[in-house]
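Here are my notes after a look through the model you sent. I've kept to the ligand site and the way the chain is divided.

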Amino acid sequence: MKNKNLFAMDILTVAEINAILFDAHLFSTIYKDWQFPDNRRVANLFFEPSTRTQYSFESAQHQLNCKVTTFNAETSSVQKGETLYDTVKTFEAIGMEALVIRHPQNEYFQELEGKITIPILNGGDGSGNHPTQCLLDLMTIKEEFGQFEGLKVAIVGDIKHSRVASSNLTALEKLGVTTYVSGPKEWSKDLVNYRPLDEIIEEIDVLMLLRIQHERHEDTMQMSKKQYLTAYGLTHERMGKMKPTAIVMHPAPFNRGVEIDGELVEHPQSRIFKQMENGVHVRKAVLKRAFGYEFPDTESVND
Ligand code: CP
């Protein structure tokens, strides 16, 4: 079997992205109950906290009839100095057939590539990449607008420390979307696409908000929560200026009253919980890809 790792969005072609999104769509519609024909043994290795990624992968795996092992770094031999490579090699040796890994080290997968034969699905690496978050974001945008070409997306907040921002900027540009970044200028990686939010709020189709990644900051933030919300966040006033067809997204966890006014999280134009729902469909699609399964009758569905 060809090893179907998923490390980052830059290794996927547009055709591969579209194939994953198509499978995720099928999982959300006609193949809701479809399962892998064999029980595949999968393990989730999270070295950083997670609610959505870990548990939506777990939900996807259970729905696909996988046998799921959940690794706990706190009670493992990582505490005795075991390296990431040795932990991963151990999981391969004890019979796991695919691994989902989240790790604080940027591009941790580079030290594993070519040395592990089972597929590795990246659940987030430091401030580097978060491909399944990006794919679920793309699914949410595609469901809303039917296409990517010609859309305008603003990603707002802690761009510099956000793996969600870097994965989305890579993928959205590939797909023909005009992207802007906004928020505190010192948190932007480059200022080429930088625009103050108030200059673009009326023209964008998607407002993608980001959590401040305090755990990756060297200095503590000088601004109060209220000051941040007023300067860079989604307030009622800004919401009122958005196009009626525009949507609000956030990878979560969100901080109500910081990057978004708490009352707007469940605004009719917010797709934040829809993103989480789509996360399960997308993760089923990348697991299917990892194991190289085909849906029955996919061709007749395509017709
Ligand atoms: N969006 C996201 O990655 O959330 P978790 O950190 O809870 O997995």
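1. Let's begin with the make-up of the ligand's shell: two nonpolar, five polar and two charged residues. Bear in mind as you read on that this is a predicted model.

2. Who are these neighbours? Going along the chain, there is a run of Ser50, Thr51, Arg52 and Thr53, followed by Arg102, His130 and Gln133, and finally Pro251 and Ala252. The two charged residues in the shell are Arg52 and Arg102, while Pro251 and Ala252 make up the nonpolar pair.

3. Now for the polar distances. A side-chain N or O atom of Ser50 is 2.6 Å from an oxygen atom of the ligand. Arg102 also points a side-chain N or O atom at a ligand oxygen, here at 2.9 Å. With Gln133, the partner on the ligand is a nitrogen atom, and a polar side-chain atom lies 3.0 Å from it.

4. How much of the ligand does the protein bury? On its own the ligand would expose 260 Å², and 91% of that is covered by the protein. As for where it is, the ligand sits in the largest pocket.

5. Next, the chain as a whole. It splits into domain 1, which is made of two stretches (9–130 + 277–300), and domain 2 (131–270). Their C-alpha centres are 26 Å apart, and the contact between them involves 29 residues of domain 1 and 27 residues of domain 2.

6. Which domains supply the ligand's shell? Both do: domain 1 and domain 2 each give at least three residues to it. Ser50 and Arg102, for instance, fall within the domain 1 bounds, whereas Gln133 belongs to domain 2.

Methods:
Residues numbered from 1 in each chain as written. Predicted model: local features only at pLDDT ≥ 70, side-chain atom pairs only at ≥ 80, totals over all residues. Heavy atoms only, no water. Near = heavy atom within 4 Å. Polar contact = N/O pair within 3.5 Å; in protein donor to acceptor, adjacent residues only side chain to side chain. Areas by Shrake-Rupley, 256 points an atom, 1.4 Å probe, with all protein chains shown as cover. 1 Å grid on protein atoms, 1.4 Å probe; cavity = no way out; pocket = protein on both sides within 12 Å on 5 of 7 lines; lining within 4 Å. Sits in = over half its atoms within 2 Å of the grid points. Domains from an automatic or database assignment. Contact = heavy atoms within 4.5 Å.
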